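Student: I'm new to this one and don't know where to look yet. Could you pick a single part and take me through it slowly, up close?

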Amino acid sequence: MESQLRYDTSFSYILRSSLLSSNLTIDSVNTTHTDSVFEGCEQMVSGIIFDLAIQCFNVIVGIPANILVLANLIKIRNEPLTSDIFLGCLAFMDAYFGFMTIISSLNLFHWRSTMAWMALKFSYGVKDTSGPLFLSCVCLDRFIAVLFPIAFGQLKAIKYRISLTIVVLLLTFAYASAKTVGGVPNFEKVFTGEVLFAFTWMVVCNVAVLWALKRSRGSGKDEMNPMKRKAFKMVLSILIIIISNYLPPVALFPFEDHYPHKVFTCYVQPVCFAFVNISSTIQPLTYLSRLEKVPFLPESCAEKVSCKKKDKPSNE
């Protein structure tokens, strides 16, 4: 994403999370203004339009969804799951990223502040890193819980998850700061390597967990017990999110040199980053769909959001 600030002085393209320019300087923020979000891609606009649509969807749906996730995690803070701290950080970062999209448009029309542009670039660095790393932490938590239950019991104390969260936050802010300052050679390769590593790790963890849960039904039983079924569905949903959101950049970015420059800039980058950015909405919606009751929503609306069926009383 380091090559991303080429089109951003237009309102529409400010809504992109994938700022396309690796050589932005403070001076260029103040002096470079484009009349069109499609500059350089006038004959190849579909990729950029797709990305803009995703950004609008993130603002309209993603921000409220992440706030609802945070509200629910606060509500159940006395009986948390072991991975709730990671999900809470992820929801906070995604909500922050969504709000920065709004800030960017305000800066374009009113503030014209260099510091606001730098803050915007910092937020893209946060999004690049926090999503894959916190999802990796959730996968690690489920992996140890299912495959190494004894070790999981010994590591259940919250202090271990707080320590891991601090490490992830330090890595996130270090990456975002380097992205904001700029000037790091081949910095875009860091993002490619990070996503490739996180994607591989998450897929391996989730496949191993699903395989272990499938094998743990017990002899003569056709169904898992309720707790294992719940874990299976949770891990499966995370695996689907990982594959749908991160497979496009993992599959295409390593072959950047094989694409014509315009094709990569106007099609491949906007579309791939759109898939990554939509995780800011898909992840919280998936979480909310597993709840019996969604905070602050009327019962009728909550039932539509939630995919979880309530147990019906037995007539037996």
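**A close look around Asp 141**

Tutor: Let's start with Asp 141, which is buried, with a relative accessible area of 5%. Here buried means under 20% relative accessible area, exposed means over 50%, and partly exposed is in between, using a 1.4 Å probe and the protein chains only. Before we go on, a word on where this comes from: it's a predicted model, where local features need pLDDT of at least 70 and side-chain atom pairs count only at pLDDT 80 or more, while totals for chains, interfaces and linings use all residues. Residues are numbered from 1 along each chain as its sequence is written, and side-chain values use heavy atoms, with hydrogens and water left out.

Now, which side chains does Asp 141 meet? One of its partners is Arg 142: the two side chains come together in a salt bridge, at 2.6 Å from N to O. By salt bridge I mean a side-chain nitrogen of Lys or Arg within 4 Å of a carboxyl oxygen of Asp or Glu. Arg 142 is tucked away too: its relative accessibility is 15%, so Arg 142 counts as buried.

Another partner is Arg 161. Arg 161 makes a salt bridge with Asp 141, and the closest N and O atoms of that pair are 3.0 Å apart. The pair ties distant parts of the chain together, since Arg 161 is in helix α7 and Asp 141 is in helix α5, 20 residues apart. (Helices are DSSP runs of H or I with at least four residues, strands are runs of E with at least two, and both are numbered from the N terminus.) How buried or exposed is Arg 161? Its relative accessibility is 6%, so Arg 161 counts as buried. Put these pieces side by side and you get one network: Asp 141, Arg 142 and Arg 161 are joined by salt bridges that share partners.

Let your eye travel along α5 now and stop at Lys 127. The side chain of Lys 127 meets that of Asp 94 in a salt bridge, with 3.3 Å from N to O. Once again distant parts of the chain are linked: Asp 94 is in helix α4, Lys 127 is in helix α5, which covers residues 114–147, and the two are 33 residues apart. Are these two ends buried or exposed? Asp 94 counts as buried because its relative accessibility is 4%. Lys 127 counts as buried as well, because its relative accessibility is 3%. By the rule I gave for salt bridges, the count comes to 4.

There's one more stop on α5, and that's Trp 117, which is found in this helix. With 8% relative accessibility, Trp 117 counts as buried. What lies across from it in space? Look for Thr 180: Trp 117 and Thr 180 are 63 residues apart in sequence, yet from C-alpha to C-alpha they are 9.4 Å apart.

Go back to α4 for a moment, because its Ala 95 is buried, with a relative accessible area of 6%. You'll find Ala 95 in helix α4, and Pro 64 is 31 residues from Ala 95 in sequence but 8.1 Å from it in space, C-alpha to C-alpha. For a contrast, try Ile 67 in helix α3. Ile 67 has 43% relative accessibility, so it counts as partly exposed.

The same kind of check works further along the chain. Cys 266 is in helix α10, made of residues 261–277, and Cys 266 is buried, with a relative accessible area of 1%. Which residue should you look for next to follow the fold back along the sequence? Try Cys 41: the C-alpha atoms of Cys 266 and Cys 41 are separated by 5.8 Å, although the two residues are 225 apart along the chain.

Finally, zoom out and fit the part into the whole. The protein has 12 helices and 0 strands, so what you read along the sequence is α-α-α-α-α-α-α-α-α-α-α-α. Of its 316 residues, 49% count as buried. And Asp 141, where we began, is one of the buried ones, at 5%.
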